[in-house]
Amino acid sequence: MSSSETRESGSNKHQQRRHHFILVHGVCHGAWCWYKVATALSSAGHRVTALDMAACGARAGRADEVPSFERYTAPLLDALAALPADPDGEEKAVVVAHSFGGQSLALAMERYPEKIAVAVFVTATMPAAGKPMSFAFKQLSQGKEADFFMDCTIRTIGDPLNPDKTFLFGPEYLARRVYQLSPPEDLALAMSMVRPSRRFLNDATMNGDVLTTGRYGTVRSVYIVAEDDEWKPAEIQRLMVSWNPGTDVRALQGADHMPMFSKARELSELLMEIANN
């Protein structure tokens with residue numbers, strides 16, 4: 001066999017490697033929002049685990065019943081904890097998080113850095129090591145006028161002395177700022193499936209000194225910028241990347257806040273490329 005044939009054979013083997021993708025949804029959504037990407041990844045021979053966070057998607061319970069951000073993130077933490085110890089890296093997961101799911105991914109990176117092959121943030125909140133996770137949320141919220149969220153529903157819950165809030169997308173907001181480039185059938189699906197999500201504004205984990213460079217900062221990270229996101233503009237996405245030196249950046253042109261719908265094929269192919277590399 002010639003050297004060129006050897007290289008080609010090695011390349012094909014690399015491309016055909018089977019990965020385990022764990023998909024984490026964003027605020028108000030559930031595992032259902034990954035149906036196109038999950039189908040593409042599964043059809044290519046990969047293992048896919050699309051999770052519902054606590055009180056999200058098809059999981060029972062209400063947002064105001066979730067006592068902490070740690071409990072909210074428990075489905076992801078449990079999934080990683082269940083992976084076998086693997087010093088060679090063959091069983092490590094490719095964890096992909098969207099939007100608010102980036103906070104859950106960050107906590108998982110801190111807890112289980114040895115279980116994650118690569119962490120992929122898809123127009124997601126990406127916290128900085130050495131700062132509270134709430135820092136990113138507060139930075140993203142600065143400068144937004146009271147009417148920015150249009151017909152979204154924000155409710156105060158919990159102890160009046162230490163209140164929290166729940167958030168639910170409104171149909172107009174979904175159509176204009178979240179799904180504006182996505183197929184209309186996927187917008188219709190979202191309008192029927194979104195559920196209130198808790199903000200965890202005063203949560204101990206969100207406001208504590210949790211993320212470290214020695215654990216969170218050691219996991220290979222990739223940020224996928226949705227260039228036409230109306231909710232989280234591209235410049236804000238790149239600002240978060242700047243807080244995390246060494247993060248690889250990829251961009252999806254023509255992607256709104258829901259690249260799994262507006263650019264489903266391109267996102268799926270990009271995820272497989274990232275996993276292979």
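The questions and answers below concern the overall form and the salt bridges of this predicted model.

In this predicted model, local features need pLDDT of at least 70 and side-chain atom pairs count only at pLDDT 80 or more, while totals for chains, interfaces and linings use all residues. Residues are numbered from 1 along each chain as its sequence is written, and side-chain values use heavy atoms, with hydrogens and water left out.

Visitor: What is the radius of gyration of the protein?
Guide: The radius is taken over C-alpha atoms, and the globule rule is 2.2 Å times the number of residues to the power 0.38. For 277 residues that rule gives 19 Å, and the protein is close to it, so it is as compact as a globular protein of that length; its radius of gyration is 19 Å.

Visitor: What share of the residues in the protein is buried?
Guide: Buried means under 20% relative accessible area, exposed over 50%, and partly exposed in between, with a 1.4 Å probe and protein chains only. Of the 277 residues in the protein, the buried share is 51%.

Visitor: Which residue meets Glu70 in a salt bridge?
Guide: A salt bridge is a side-chain nitrogen of Lys or Arg within 4 Å of a carboxyl oxygen of Asp or Glu. Glu70 is partly exposed at 29% relative accessibility, and the N to O distance to its partner is 2.7 Å. That partner is Arg111.

Visitor: Which residues are joined into one network with Lys263?
Guide: Lys263 forms a salt bridge with Glu266, their closest N and O atoms being 3.9 Å apart. Through salt bridges that share partners, Lys263 is joined into one network with Arg265, Glu266 and Glu269.
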